[in-house]
Amino acid sequence: MNVGPPKRKATLRPWAVISVHGTRGLAVTTVDGLVLRTRALQVHQGLAGLTGHAVYVGGRLTECRRIGGDARAWQASVWNDKAVSMTHTPTGLVVRSLRGTLEGDTDPADSLELFRGWLEDRGVGLGSVSAMARNLWRRTLPTEVEIDTDPELSRPALFGGRQAIRGARTYQHQVLLDLEAAYPFEMANRPYALTWRKVSGSRSLDPDAAGMVAASVHVPTGLAYGLLPERFPGDDQLVAYRRATTVRGVWSWGEVAAAVSCGAELVRIHANYAPATEADLFGPWWRNVADGRALPRGAGRLVKAVTSALWGVFAVRGESHVMRWDTAAGNSEPLITAGPNRPNPYVRTCHLATETTARVRSRLLADVLANPALPPPVHVDTDGVILRKGADVTAVCGTGPGTWRLKRAMPTLEVKAAQVYRFVCDDRLCGHRDPLAAAVAYQAAPVWHYSVAGVPASMARDVFRRTSRPGGYTVELPEWPAADLTTDDLVSPNP
Amino acid sequence: MAKRTGWRDLSQATRDRYTRAAERGTLTGSPTSSNRARSTAYNYWRSGGDLRAARGHAPRPSVPTPVAAAAAASAEGRGGNLEAATLRVWRETAAPGWIPPSRAFLADDAAAALAQLPNPRGWGNVHFTPQDDGRWRMVVERKNGGYDVQTILPDQAAAKAVMAVLSGIGPGDDWDGWDDYGDWWDSHDFDVADTDTVS
């Protein structure tokens, strides 16, 4: 596909945040303040009056169906089993989610207005998170480029972030390290392939070039963690990092080079692809948006969400569906039907997501997992690791994007599964306003912080409690010998 | 390219010379068996092809032989470290100014394939034909009535990039290489086989 700067000037729209008021009323927050409407006619007029606004929802997107008291007036666009927008069919109003970025914000209206100004300074109008991500990037492209690689090759190599645990239990005296702005930094760090050319198997796997290789790699014994991801046979949602065996798959050059530098042996190259045309696609974009992450409160979180969403645009797949409700109350099971058959324009750019995620995994592997100076982490999640306090992390830590930073201490950590844990922080005032009460309360009952990936903070505690110990999954092993795997090796990208 | 007639009017020595050149590959660019050499020579001669190499006066290649060989190997999926380095160094140090310099726009092997053509100041109409193996043949008619010249571009992306340049929408307005294309698009066309003429 050809990608270039947008040909049209951005449509700059004011914003509005709507939510359910009472059981069926409408609460609308705009730059002018909050307006509440309760009667059905008022609600309808309120929704109709928002035409021309970028409308977002405060809370869960599908809760919009309660506005106006007739869920049949609403329909949701669903992509990969997730509602991405809601449409009020009588008025045509489309409502989108801000992915929880303004949750807990003391002044969400101010944050949103700040974000709008920042966005418009860059020539982009408000829209869905992924549309804003895409447009911010396209505005920084100097000219049109053709990006075209075979998804048959790049899709199998798309593994996402790495998640793993050492064991589902309670740990004491841990610290959390994370790689600051991992994805955008790695995207801006090196050029990407725009097209590939098949090359000889003798061609070196240059870690700085965005090539792809189908290979067999022997991973040695004695490692705390495996080196290369593999898709589990028969279930492409499961990813394994096996050790003491020869693994076969498709990976980026950088990831295989990192594995080889950590002790793996390249047994055989089955097919090798080098960049034919390449470009620094994201360097100007990152320089244009990096400062926005420092905006205060929710505005900074919005910029972070928008910048972090960009690589995912290239990984999109699946089909769209439409969700409707057949009762006015909307309490029944929703009806899901096939959505409009829209071809995915980004299908031949999947390698951009493949390469991006591989770069972050390679940093994680080389900097931490295979670093003999550091103890094996007890929890690994994409761009963050939890390891024993007291480990000398000064050699890997730095300041600024693309460096590891010591994010917080965790005197007590309880891990149930990869991406499902809770911890007590070392701030004795945490959760209490009175220091004396805090000290007493901390001794008696520590304040737990819950972390469950993909789940809003308000629901994390319940999900944590419902997750049984130990973590991991019971799976059939149709091909690989069971001895090769432990539950710690095998994780799902989306538990 | 004007077709020739009167093969039998040529002397026996001349016909034999072209036949031997066809067998060696100096006539068409690729060798053929002795059984087919005579028919190959006849067909090539009749089509109006370039006979200079068969006569022992091959035009000097516009890119060094190692670069052309590296480009061919790369286009066939056989490129290794040496080929990649050869093409990269040639592109950075010795490529003609009318070759788009950006790797985002044109791959190194495609640039080397394109550079095997003469300067675009002498180009007439241009014809693109996709090959069965995914590569694209690019044939350039000459303004001054000389022999047509051709090159093989490694893939569709390269062909599209060259077509973009011929349409005047190439690698940026500030590129000096535009001077060599002059106002080509005002007086010439390019076409893609089996499609309507695009100007």
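The exercises below work through charges, cysteines and backbone angles in a predicted model.

**Exercise 1. A salt bridge inside chain A**

Task: Find which residue pairs with Arg122(A) in a salt bridge, and state where each partner lies and whether each is buried, partly exposed or exposed.

Solution.
Step 1. Recall the principle: side chains of opposite charge can pair when their charged atoms come close.
Step 2. The partner of Arg122(A) is Asp291(A), with an N to O distance of 3.1 Å. A salt bridge requires the nitrogen to be within 4 Å of the carboxyl oxygen, so the pair qualifies.
Step 3. Place the two residues. Arg122(A) belongs to the loop between helix 2 (108-121) and helix 3 (129-138) of chain A, and Asp291(A) to the loop between helix 7 (283-289) and helix 8 (297-308) of chain A; the pair therefore ties together parts that are 169 residues apart in sequence.
Step 4. Classify them. Arg122(A) counts as buried because its relative accessibility is 16%, and buried means under 20%. Asp291(A), at 44%, counts as partly exposed.

**Exercise 2. A salt bridge between chains**

Task: Identify the residue of chain A that forms a salt bridge with Arg88(B), and describe both ends of the pair.

Solution.
Step 1. The partner is Glu278(A), and the closest N and O atoms are 3.4 Å apart.
Step 2. This pair crosses between chains: Arg88(B) sits in helix 4 (residues 81-93) of chain B, while Glu278(A) sits in strand 17 (residues 265-279) of chain A.
Step 3. Arg88(B) has a relative accessible area of 36%, so this residue is partly exposed. Glu278(A) has a relative accessibility of 18% and therefore counts as buried.

**Exercise 3. Salt bridges inside chain B**

Task: Describe the salt bridge of Asp16(B), then name the residues of a salt-bridge network in chain B.

Solution.
Step 1. Asp16(B) pairs with Arg38(B), with 3.9 Å between the closest N and O atoms. That value lies within the 4 Å cut-off, so the contact is counted.
Step 2. Asp16(B) is in helix 1 of chain B and Arg38(B) is in helix 2 (residues 34-46) of chain B, so the salt bridge ties together parts that are 22 residues apart in sequence.
Step 3. Both ends are partly exposed: Asp16(B) has a relative accessibility of 28%, and Arg38(B) has a relative accessible area of 37%.
Step 4. The network links Glu76(B), Arg78(B), Asp133(B) and Arg135(B).
Step 5. For the whole structure, a search over all chains gives 29 salt bridges.

**Exercise 4. Patches of like charge**

Task: List the members of one positive and one negative surface patch of chain B, and examine one residue of each.

Solution.
Step 1. The positive patch brings together Arg17(B), Arg20(B), Arg24(B) and Arg55(B).
Step 2. Take Arg24(B), which lies in helix 1 (residues 12-24) of chain B. Its relative accessibility is 53%, so Arg24(B) counts as exposed; the cut-off for exposed is over 50%.
Step 3. The negative patch consists of Asp173(B), Asp174(B), Asp176(B) and Asp179(B).
Step 4. Take Asp176(B), found in the loop between helix 6 (156-166) and helix 7 (178-181) of chain B. With 62% relative accessibility, Asp176(B) counts as exposed.

**Exercise 5. Cysteines**

Task: State how many disulfides the structure holds, and say whether Cys350(A) and Cys425(A) are buried or exposed.

Solution.
Step 1. A disulfide is a covalent bond between the sulfur atoms of two cysteines.
Step 2. The search over all chains finds 0 disulfides.
Step 3. Cys350(A) is buried, as its relative accessible area is 0%. Cys425(A) also counts as buried, at 11% relative accessibility.

**Exercise 6. Alanines with positive phi**

Task: Give the phi angle, place and accessibility of Ala181(A) and of Ala244(A).

Solution.
Step 1. Ala181(A) is not a glycine, yet has a positive phi of about 50 degrees. Its place is the loop between strand 11 (170-179) and helix 5 (182-189) of chain A. At 10% relative accessibility, Ala181(A) is classed as buried.
Step 2. Ala244(A), also not a glycine, has a positive phi of about 55 degrees. Ala244(A) lies in the loop between strand 15 (235-240) and strand 16 (245-252) of chain A. With a relative accessible area of 38%, Ala244(A) is partly exposed.

Technical notes: Residues are numbered from 1 along each chain as its sequence is written. Chains are lettered from A and ligands numbered from 1 in the order in which they are written. This is a predicted model: local features need pLDDT of at least 70, side-chain atom pairs count only at pLDDT 80 or more; totals for chains, interfaces and linings use all residues. Side-chain values use heavy atoms; hydrogens and water are left out. Patches are made of residues with over 30% relative accessible area and no salt bridge: like charges are joined within 9 Å, nonpolar side chains (Val, Leu, Ile, Met, Phe, Trp, Tyr) within 5 Å. Accessible areas come from the Shrake-Rupley method with a 1.4 Å probe; for residues, only the protein chains shown count as cover. A salt bridge is a side-chain nitrogen of Lys or Arg within 4 Å of a carboxyl oxygen of Asp or Glu. Lys and Arg count as positive and Asp and Glu as negative; His and the chain ends are not counted. The place of a charge is taken as NZ of Lys, CZ of Arg, CG of Asp or CD of Glu. Helices (H or I, at least four residues) and strands (E, at least two) are DSSP runs, numbered from the N terminus. Buried means under 20% relative accessible area, exposed over 50%, partly exposed in between (1.4 Å probe, protein chains only). A disulfide is a pair of cysteine sulfur atoms within 2.5 Å.
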